[in-house]
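The following exercises concern the fold of one chain and its contact with a partner chain. Please work through each task before reading its solution.

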Amino acid sequence: MQYLLLIYANEAETAALPEAEMATMMAGYGEFTKAIVQAGNFKAGDRLRPVSTATTVRVRNGKTMTTDGPFAETREQLGGYYLVEAANLDEATAIAARIPGASYGSVEVRPIWMQG
Amino acid sequence: MNTTHVEDVFRQEAGRVLATLIRLLGDFELAEEARQDAFEAALEQWPNTGVPSNPRAWLVRVGHNKAIDHIRRQQLFRDKMKYVQDAVVTTTVAALDDDGYDDAAFGDDRLRLVFTCCHPALNIEAQVALTLRAVCGLTTTAIARAFLIGDDGMAQRIVRAQKKIRDAGIPYETPPPALLDERIDSVLTVIYLVFNEGYAGTSGADLISEDLCREAIRLARLLDALLPDRPAILALLALMLLHDARRRARVTPAGDIVLLEGQDRALWDRAQIDEGLALVDRALRVRGPVSPYAIQAAIVALHVRAPSAEATDWRQIVGLYEVLLRLQASPVIELNHAVAVSMVDGPARALDLLDALSARGGCGEHHLLPAARGQMLQRLGRRDEALDAYRGALAMARLEPERRLLTRCIVVLEGSS
């Protein structure tokens with residue numbers, strides 16, 4: 001079996017953490033990642049940019065609509081994901097618009113926080 | 001050579017220099033600082049050396065170098081550094097001194113900047129603010145005042161938008177042909193919003209903010225120069241020129257509103273009307289789907305061609321509103337359609353249309369619908385109902401001149417029993 005582990009946190013509280021506590025948390029992530037890589041559990045994992053960088057893509061009547069923000073409707077639930085490489089947001093949203101689910105629900109496009 | 005001359009060069013080149021620096025640096029804030037540094041360097045050096053033969057290229061090169069120095073000194077975020085390094089590798093900044101680095105290349109940068117600022121992944125308020133800031137060069141304070149929000153709120157809005165552009169990877173480029181029409185529509189929406197806020201503010205003390213009207217027209221002219229012969233751009237430019245040509249007649253020196261039928265048509269700017277009319281003709285001659293802006297411009301064209309309100313071709317105006325309703329139905333267009341109908345078929349028919357619109361939710365909290373109902377009821381001699389409608393409108397109006405106009409209507413009607 002494979003499982004997707006989704007990490008939720010209050011962004012404002014995380015951003016307000018004292019530097020030392022932040023460093024401890026980041027070190028914790030480093031250790032955890034290393035541990036599950038060594039144990040053979042790791043498939044993929046990334047830190048996401050904050051929701052302020054999110055763009056929502058919907059396709060209705062064949063027309064692609066992009067809106068600022070993560071505004072999935074509350075009656076929509078997370079149903080799947082793709083991790084894609086794209087030159088910029090336009091390419092990423094164009095790919096998102098081709099996902100069949102974009103015509104029924106919505107696809108949130110969020111950049112990965114590239115490290116280093 | 002004196003500082004006034006240097007400042008003239010700055011004023012002329014500020015927008016283009018910023019656009020190019022944003023492209024080279026991939027960061028709005030950094031680009032603004034870089035431009036400032038370049039201007040300061042020019043103020044120091046040009047009085048001794050004279051203005052360089054290509055001042056724009058000089059400013060871009062110096063600003064770019066200062067920004068790179070700055071990044072190296074500050075050791076800013078590694079990803080920003082990486083972006084700039086990539087940009088340095090892929091662009092030939094060394095060629096900036098070359099006179100071959102011409103207007104065409106800089107023009108493209110401003111076009112890229114317009115499309116970036118009006119990107120649909122930004123919310124519309126952010127698009128408007130960013131365009132006025134980065135493309136028009138308005139200060140944050142001026143934009144905050146125009147939209148009646150605090151400086152801090154506006155500054156936050158702009159910073160957040162700039163961050164999203166950088167962090168979400170909103171491209172800094174002219175959209176590919178498949179996306180171009182759609183993106184032009186986004187840009188035109190922003191321009192028309194700026195114009196409308198200037199032409200008929202939603203709240204505050206003054207009906208017209210000339211600055212916003214002027215910036216909107218300037219933006220449309222820039223867009224037309226960079227993307228010539230696009231019917232939607234021509235049509236929007238025409239529409240704004242024709243509206244704006246009536247500016248002096250729309251408000252008394254005391255700031256009171258003069259309705260179309262009472263306007264002194266001699267005060268209309270004839271040269272601007274001629275320019276607008278020629279543009280409408282060009283926009284309508286292009287084959288293919290007609291843009292809603294072209295229909296709106298055609299309606300205003302009928303108004304400005306008429307010698308008086310009575311001698312206006314209202315029948316054709318009604319027909320054009322019906323076309324517009326099919327293209328782009330909205331409560332405000334329905335309302336305008338109803339008012340035009342009243343000039344052809346009388347106020348009773350118009351009142352039916354307005355009541356039907358009301359029943360479907362009307363124009364939300366906007367005072368225009370009750371005000372128009374009041375007008376129709378007054379023309380039908382239904383005084384008490386007209387008074388109720390005007391009072392309802394007054395309770396919704398937030399713009400002072402609108403409030404004075406409605407108050408005048410109420411006072412006149414109260415005295416007519």
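**Exercise 1: Strand pairing in chain A**

E1(A) and strand E3 (residues 107-109) of chain A run antiparallel and are joined by 3 bridges; strands are DSSP runs of at least two residues, helices (H or I) of at least four, numbered from the N terminus, and two strands pair if DSSP finds at least two bridges between them. This is a predicted model, in which local features need pLDDT of at least 70 and side-chain atom pairs count only at pLDDT 80 or more, while totals for chains, interfaces and linings use all residues. Residues are numbered from 1 along each chain as its sequence is written, chains are lettered from A and ligands numbered from 1 in the order in which they are written, and side-chain values use heavy atoms, with hydrogens and water left out.

Task: Describe the pairing of E1(A) with E3(A) and with E2(A).

Solution.
1. On the E3(A) side, Glu108(A) stands opposite Thr56(A).
2. E1(A) is also antiparallel to E2(A), through 6 bridges.
3. Within that pairing, Arg60(A) has Lys63(A) of E2(A) as its bridge partner.
4. The two strands E1(A) and E2(A) form a hairpin with 2 residues between them, and Asn61(A) in the turn has a positive phi of about 50 degrees.

**Exercise 2: Enclosure of E1**

Task: Explain why strand E1 of chain A is largely enclosed by the rest of the structure.

Solution.
1. Apply the criterion: buried means under 20% relative accessible area, exposed over 50%, and partly exposed in between (1.4 Å probe, protein chains only).
2. In E1 (residues 55-60) of chain A, 5 of the 6 residues are buried, so the strand is largely enclosed by the rest of the structure.
3. For chain A as a whole, buried residues make up 19% of the 116 residues.

**Exercise 3: The contact with chain B**

Task: Which three residues of chain A supply 40% of the area that chain A buries against chain B?

Solution.
1. The area buried between chains A and B is about 1,300 Å², with 45% from carbon and sulfur atoms; buried area is the accessible area (1.4 Å probe) that two parts lose on being put together, summed over both.
2. Asp68(A), Leu89(A) and Asp90(A) supply that 40%, more than any other three residues.
3. Asp90(A) also forms a salt bridge with Arg183(B) through their side chains (2.9 Å, N to O); the term denotes a side-chain nitrogen of Lys or Arg within 4 Å of a carboxyl oxygen of Asp or Glu.
4. Strand E2 (63-68) and helix H3 (89-98) of chain A each supply at least two residues of the side that touches chain B, and the largest share, 4 residues, comes from E2(A).
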